[in-house]
Amino acid sequence: MITNSGRLAQCALIRSGFVRGTCCWASILASLGPALVSARSLFPDQAEPIRRQIEQRESQLQTLPVSPMNTCPWTLGYASNWHDDPLKPVTIRVIFPEPATIDLVALLPATYTDDQNQVRAFCFPLRFSIERVLPDGSVQMIANHLDQDYEAPGISPQLFPCPNPVPASGLQITVTRRAPNPTWWPTPRLVALSELFAFTGERNAALNSQVVASSSFDFPYVWSPTCLTDGFSLYSQINHKPGDPTRNFSIAQDEVCLEMDLGAIHGIDELRLWPAVPSLQHNFPPSSGAGFPLLFKVELALTADFSDATLIYEEDKISQRPGAGPLMRRVAPAKGRFVRITLKNGFHDFRRSSDYLEITLSEIELLEGGKVVSGGAPVRAPSHPTGPAQLEKLTDGFVNEGEILPLRDWLTRFHRKVALERDLAALRTGLAVAQRADEKWSKTVLFIAIGLILALVQAIWWVRMASRRRWARMRERIACDLHDEIGANVSSIAHSAEMLLETIPEPTEIQASLLGSLIEVTRVTSHETKHFIRFIESEQKDRNLAEQFSRVAAQILGPIPVQASYLNPSSFNRLDPATKWNLLLFFKEALNNIIKHAKADSVEITARTDGPHFEIIVADDGCGLDLSVKSCRHLKSRAKMLGGLLNIHSQPGAGTRIHLRFKK
């Protein structure tokens with residue numbers, strides 16, 4: 001048979017098991033977050049690596065030049081004849097003025113503007129080959145794209161390195177498949193190129209070379225084979241940083257002679273004259289090239305008085321309208337230090353009167369082997385003194401639209417820039433896809449997490465309900481045992497006392513009083529025990545603990561006046577049965593101490609809540625309490641069971657104040 005102490009031990013074990021189980025599930029919930037993070041790490045963020053790549057590409061783009069489109073190009077380039085058979089191969093041969101060792105060929109695509117106002121490549125060949133023509137007439141392959149269509153180049157310069165460079169007398173381009181024509185031209189397929197560059201080191205050996213094509217569309221100074229090597233394209237070799245549109249050398253004359261000291265003897269082989277180009281920043285009318293000399297000649301000398309001057313280039317007449325890029329001319333190779341440039345017949349500015357004469361230039365470049373040797377050289381105009389600031393601008397390396405860049409370096413960096421922009425466009429598309437995938441996965445993880453949490457909450461609820469049922473069954477058995485044993489024993493004592501009283505023929509007054517008191521005490525004890533058991537075994541929150549306190553106080557204190565204050569009693573009613581049990585026993589112990597030791601005339605009881613804490617105060621006006629008495633140890637023991645803080649304040653003749661504060 002299990003005793004009542006055994007029942008109470010079992011009940012305590014069940015309750016502690018329930019607490020441990022609840023803590024276990026709480027720890028599982030607490031670890032759910034890191035577990036989900038670990039699960040998420042199995043599927044890494046797909047968008048973050050792409051963002052890093054985009055940042056790298058954007059950082060690299062910041063270091064590359066910005067090349068604006070020329071508003072007024074000199075020429076457009078080469079195009080095949082639109083009346084030809086579109087399936088017929090096209091051969092383009094470039095003949096160098098003298099053999100050159102070529103290490104890089106660059107083709108700049110022709111362009112057009114589509115319906116969305118986007119500049120696109122125009123009829124760049126789909127299948128073609130590039131060969132170098134050796135001095136003996138044989139050819140060697142440089143680039144072979146005859147077997148499959150060439151990838152759409154966009155507007156980027158297409159670079160073709162030449163392995164094992166050897167002297168060549170020219171280049172040959174063979175096109176076996178023309179590109180579809182996207183414009184109004186009346187032909188389904190065309191071949192078009194803006195410019196061809198053939199580099200030997202820094203020098204463009206193809207400049208002003210003769211071009212012979214098996215098919216060509218000839219429209220003077222716009223489309224023709226010679227436009228393929230004239231140095232003109234839709235882009236200028238500058239890093240676009242718009243400046244003062246008036247930062248040019250300008251003189252209101254029909255002719256001017258400029259003298260330049262290179263500082264050392266150089267072998268000049270190329271000349272570049274940069275026209276004045278109004279900046280797009282100010283949306284000027286199309287007045288590019290206003291004042292550009294249509295006639296000019298260049299002389300080179302070893303002496304400052306030009307007594308040994310040699311004519312290295314003379315332009316009899318520039319028939320076309322000057323454009324936005326530089327005029328590039330190959331000159332007869334010669335050596336000298338001093339340069340004399342005579343400029344005549346400036347291109348008329350339509351915005352001025354017909355009799356207004358002006359010569360204007362933005363920059364003069366003299367090159368040796370592809371490198372500018374005139375940079376920073378002093379310039380003077382002996383016959384027409386002009387402010388030195390205007391003359392210095394002719395060799396400072398800048399034009400209206402920005403800084404002039406070396407031609408080969410500009411083409412290479414332009415190609416890199418377009419490739420990076422193409423990569424960026426693809427990466428941004430991939431980023432959008434990756435972000436959608438990450439968002440979808442995040443939603444999946446969220447739904448999984450919610451499902452797990454709901455499953456855990458349900459499991460905790462089932463465990464809690466099972467524990468509550470076990471706890472309720474145990475309480476019922478304990479209450480039943482207490483009722484049966486104590487009730488039976490107390491009833492037996494009362495019945496025995498009544499029989500004992502009846503067996504005494506003439507009980508004395510003392511015997512009758514004692515037996516009567518015994519019978520009354522047993523009946524009261526039986527009644528109170530039943531009431532107390534019913535209160536403890538119930539989990540109903542509507543069981544009013546304040547009423548229990550009042551009843552116990554009236555029972556124990558009897559006639560002693562009591563002032564009771566029960567604030568927010570519903571909070572006490574929500575306490576679990578074990579806490580109610582210990583709190584009620586603590587309260588009874590405090591009142592019993594008043595009866596036994598205090599000799600009080602009045603008692604004050606306060607029960608209240610302070611946030612998550614519960615407080616109960618029992619104060620009397622008695623003679624005080626010896627804090628060493630055994631009853632204080634009982635109070636401390638009960639306070640410890642409640643996990644609370646006990647404070648007992650007592651002074652002789654000043655009463656006692658017992659304050660218990662605990663957290664649910």
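Biologist: Which two strands flank the loop that holds asparagine 164?

Modeller: This is a predicted model, where local features need pLDDT of at least 70, side-chain atom pairs count only at pLDDT 80 or more, and totals for chains, interfaces and linings use all residues. Residues are numbered from 1 along each chain as its sequence is written, and side-chain values use heavy atoms, leaving out hydrogens and water. Strands are DSSP runs of E with at least two residues and helices are runs of H or I with at least four, numbered from the N terminus. The loop with asparagine 164 runs between strand 8 (158–161) and strand 9 (167–177).

Biologist: Is asparagine 164 buried or exposed?

Modeller: Most residues other than glycine have a negative phi. Asparagine 164 isn't a glycine, yet its phi is positive, about 50°. On the cut-offs, buried is under 20% relative accessible area, exposed is over 50%, and partly exposed lies in between (1.4 Å probe, protein chains only). Asparagine 164 has 65%, and that makes it exposed.

Biologist: What about lysine 599: what is its relative accessibility?

Modeller: Lysine 599 is in the loop between helix 8 (577–598) and strand 28 (603–610). Phi is positive there too, near 55°, in a residue other than glycine. Lysine 599 counts as exposed because its relative accessibility is 71%.

Biologist: On to the sheets. How many of the 9 residues of strand 12 are buried?

Modeller: Strand 12 covers residues 192–200, and strand 3 (residues 104–109) runs antiparallel to it. For strand 12, "mostly covered" is the right description, and the count of buried residues is 8.

Biologist: How many bridges join strand 3 to strand 12?

Modeller: Strands count as paired if DSSP finds at least two bridges between them. Strand 1 (residues 78–79) reaches strand 12 with 2 antiparallel bridges, and tyrosine 78 stands opposite leucine 193 there. On strand 3, leucine 107 faces leucine 196. Strand 3 is also antiparallel to strand 12, and the bridges between them number 6.

Biologist: Which residue takes a positive phi in the hairpin of strand 12 and strand 13?

Modeller: Strand 13 (residues 203–204) pairs with strand 12 in the antiparallel sense over 2 bridges. Arginine 203 is the bridge partner of threonine 200. With 2 residues between the strands, the positive phi, near 70°, belongs to glycine 201.

Biologist: In the open sheet with the order 15-26-25, which strands stand at the edges?

Modeller: That sheet has 3 strands with antiparallel pairing. Strand 25 and strand 26 (residues 402–404) are joined by 2 bridges, and valine 399 has glycine 402 as its bridge partner. Each edge strand has a single partner, so one side of each has no neighbour in the sheet; the edges are strand 15 (238–240) and strand 25 (398–399).

Biologist: How far apart in space are tryptophan 410 and serine 67, C-alpha to C-alpha?

Modeller: Tryptophan 410 belongs to helix 4 and counts as buried because its relative accessibility is 2%. Its contacts (heavy atoms within 4.5 Å), leaving aside neighbours within four places in sequence, include Ser67, Tyr235 and Leu405. Tryptophan 410 and serine 67 are 343 residues apart in sequence, while the distance in space is 9.0 Å.

Biologist: Now the empty space. What is the volume of the largest cavity?

Modeller: On a 1 Å grid over the protein atoms alone, a cavity is a set of points where a 1.4 Å probe fits but cannot get out, a pocket is an open set with protein on both sides within 12 Å along at least five of seven lines, and lining residues have an atom within 4 Å of a point. Points join across faces, edges and corners, and a volume is the space filled by probe spheres set on them. The search finds 7 cavities of 30 Å³ or more, and 14 residues line the largest, with Tyr235 and Met328 among those nearest its centre. Its volume is about 90 Å³.

Biologist: Which element gives the largest share of the lining of the largest pocket?

Modeller: This pocket has a volume of about 560 Å³. Its lining has 27 residues, with Val119, Arg120, Ala121, Gly154 and Ile155 nearest the centre. Elements giving two or more residues are strand 5 (119–121), strand 10 (179–180) and helix 4 (407–503). The largest share, 5 residues, comes from helix 4.
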